[in-house]
Amino acid sequence: MPSRDGGQRSRSRSSGGHNWQRSHRSGHRSGHSCGQNAILHTFDENFSFISPCLKYSLFFFNLLFWLIGGVLIGLGLWSFLEEYNHTFIKVQNILDIILHISVALMTVGTIIFSMSFAGCLGALRENLFLLKLYSLMLLLLFVGEVVLSTVAFVFPNSFSFYIKESLSKDPIIKYRDDTNLQNLIDVIQTEFKCCGISDKGYKDWNRNIYFECNQTNPSPERCAVPFSCCRNPRNFDSGLINIMCGYNVQNISSVVEVNKYIFTRGCVEAITEIIERNMNLVAAVCLGSALIQLLAMFLARSLQGQILAQRARWM
């Protein structure tokens, strides 16, 4: 005959078992929230290792960039059709892509669109292949940025010389041939108060066939520079831009005299000076960009691990 104490112990074990099950079921539900570790529960069929918070955070994060990429592609395509509707352009190297603004916009937009699309669809459909592809593209982009930044930091003079030599030829020569490029150069020269690209400054414009300071040049803009080089490009009476404000300045022998009418330093020098003055802001922007990319890689890798754990549980 069982004793009273034995019955109480039995009831205690029985109630303890029910409490243990309730506490585990409660633990299953909490495993879905962000920031909590999931514990393997073999008896709960509704439990999932995949955190909805992590999954949809990655989805909406990439949805934003997916929309940005689509907008860039649309703007680039619209600009391309407006500018090159009846002409054919040649793209022989990466510099040709950069100089054709519409092509550059479509290229950057396509890269952003493709990466974010893989991240969106991979997170939403829990697709390991797309998530791995997204992580790989992010990694390659991050490594490329690190390598480029390292080269610019370790070899600043060589890097600056290469930029000046590469950009001081084709953009100047194609200034009148591409409206988008012309508008971009005018905006840069106006905003940064510069003229030309290299250390030669305003003398770079002698490479353009319209501005070439040569006696045999029949152009009415001979020995001139674009109006965006002028210190005061607007007419004081009408307020309109005086496109002739830079005419004949290359004929003036004194740089001091020239400096009274136009900006004489190159744009690479002007931009470099501004970057050096705002180095803390530039470092903060670079660090923020790097952290965003690392966060996206972390979210993607974490979701991959959760998907693999969930698949292993089903096997």
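**Entry 1: burial, and a first salt bridge**

I call a residue buried when its relative accessible area is under 20%, exposed when over 50%, and partly exposed in between. I note at the outset that I am working with a predicted model, so every value below is computed from that model. I looked up Lys-55 with the cut-off in hand: its relative accessible area is 10%, which is under 20%, and therefore Lys-55 is buried.

I then asked which side chain Lys-55 meets in a salt bridge. The partner is Glu-126, and the N to O distance is 3.0 Å. I placed Lys-55 in helix H2 and Glu-126 in the loop between H4 and H5, so that I could record the pair as a link between distant parts of the chain, 71 residues apart. Glu-126, at a relative accessible area of 26%, is partly exposed, whereas Lys-55 is buried.

**Entry 2: the other salt bridges I followed**

My search of the whole structure for salt bridges returned five. One that I followed up joins Glu-221 to Arg-176, with the closest N and O atoms 2.4 Å apart. This pair, too, links distant parts of the chain, since Glu-221 sits in the loop between H8 and H9 and Arg-176 in the loop between H7 and H8, with their positions 45 residues apart. I find Glu-221 buried at a relative accessible area of 13%, while Arg-176 counts as partly exposed at 30%.

I also looked up Glu-273, which forms a salt bridge with Arg-265, the closest N and O atoms being 2.7 Å apart. Both ends fall into the partly exposed class, Glu-273 at 32% relative accessibility and Arg-265 at 28%. When I checked for further links, I found that Arg-277 belongs with Arg-265 and Glu-273 in a network of salt bridges.

**Entry 3: aromatic pairs around Tyr-175**

Over the whole structure I count seven aromatic pairs. For the rings of Tyr-175 and Trp-205, the centres lie 4.9 Å apart and the planes meet at 75°, and because an angle over 60 degrees counts as edge-to-face, that is how I class the pair. I noted that it links distant parts of the chain: Tyr-175 is in the loop between helix H7 (170–173) and helix H8 (179–191), and Trp-205 is in the loop between H8 and helix H9 (255–258), 30 residues apart. Are these two residues buried or exposed? Tyr-175 has 1% relative accessibility and counts as buried, and Trp-205, at 0%, counts as buried as well.

Tyr-175 also pairs with Phe-211, and here I recorded a tilted arrangement, 6.1 Å centre to centre with 50° between the planes. Phe-211 lies in the loop between H8 and H9 and Tyr-175 in the loop between H7 and H8, so this pair ties together parts of the chain that are 36 residues apart in sequence. Both Tyr-175 and Phe-211 are buried. Elsewhere I found Trp-66, Phe-113 and Phe-117 forming one aromatic cluster.

**Entry 4: the second largest pocket**

I put the volume of the second largest pocket at about 410 Å³. Its lining comprises 16 residues, and those that lie nearest the centre are Phe-65, Ile-112, Met-115, Leu-138 and Leu-141. I asked which helix gives the most to this lining, and the reply is H4, with five residues. Helix H2 (52–83), helix H4 (101–125), helix H5 (128–154) and helix H11 (279–314) each supply at least two residues. By residue class, I sorted the lining into eleven nonpolar, four polar and one charged.

**Entry 5: Ile-252**

I located Ile-252 in the loop between H8 and H9, where it counts as partly exposed at 25% relative accessibility. Setting aside its neighbours within four places in sequence, I find Ile-252 in contact with Tyr-202, Glu-257, Val-258 and Tyr-261. I also noted that the C-alpha atoms of Ile-252 and Cys-223 are separated by 9.4 Å, the two residues being 29 residues apart along the chain.

**Entry 6: the chain as a whole**

I closed with the overall tally, which comes to eleven helices and zero strands. Of the 315 residues of the chain, 31% count as buried. Among contacts with a separation of 6 or more, 64% are between residues 24 or more positions apart.

Technical notes:
Residues are numbered from 1 along each chain as its sequence is written. This is a predicted model: local features need pLDDT of at least 70, side-chain atom pairs count only at pLDDT 80 or more; totals for chains, interfaces and linings use all residues. Side-chain values use heavy atoms; hydrogens and water are left out. Rings of Phe, Tyr and Trp (its six-membered ring) pair if their centres lie within 6.5 Å; planes under 30 degrees apart count as stacked, over 60 as edge-to-face and the rest as tilted. Helices (H or I, at least four residues) and strands (E, at least two) are DSSP runs, numbered from the N terminus. Buried means under 20% relative accessible area, exposed over 50%, partly exposed in between (1.4 Å probe, protein chains only). On a 1 Å grid over the protein atoms alone, a cavity is a set of points where a 1.4 Å probe fits but cannot get out, and a pocket is an open set with protein on both sides within 12 Å along at least five of seven lines; lining residues have an atom within 4 Å of a point. Grid points are joined across faces, edges and corners, and a volume is the space filled by probe spheres set on the points. Ala, Val, Leu, Ile, Met, Phe, Trp, Tyr, Cys and Pro count as nonpolar, Asp, Glu, Lys and Arg as charged, and the others, Gly among them, as polar. A salt bridge is a side-chain nitrogen of Lys or Arg within 4 Å of a carboxyl oxygen of Asp or Glu. Contact means heavy atoms within 4.5 Å.
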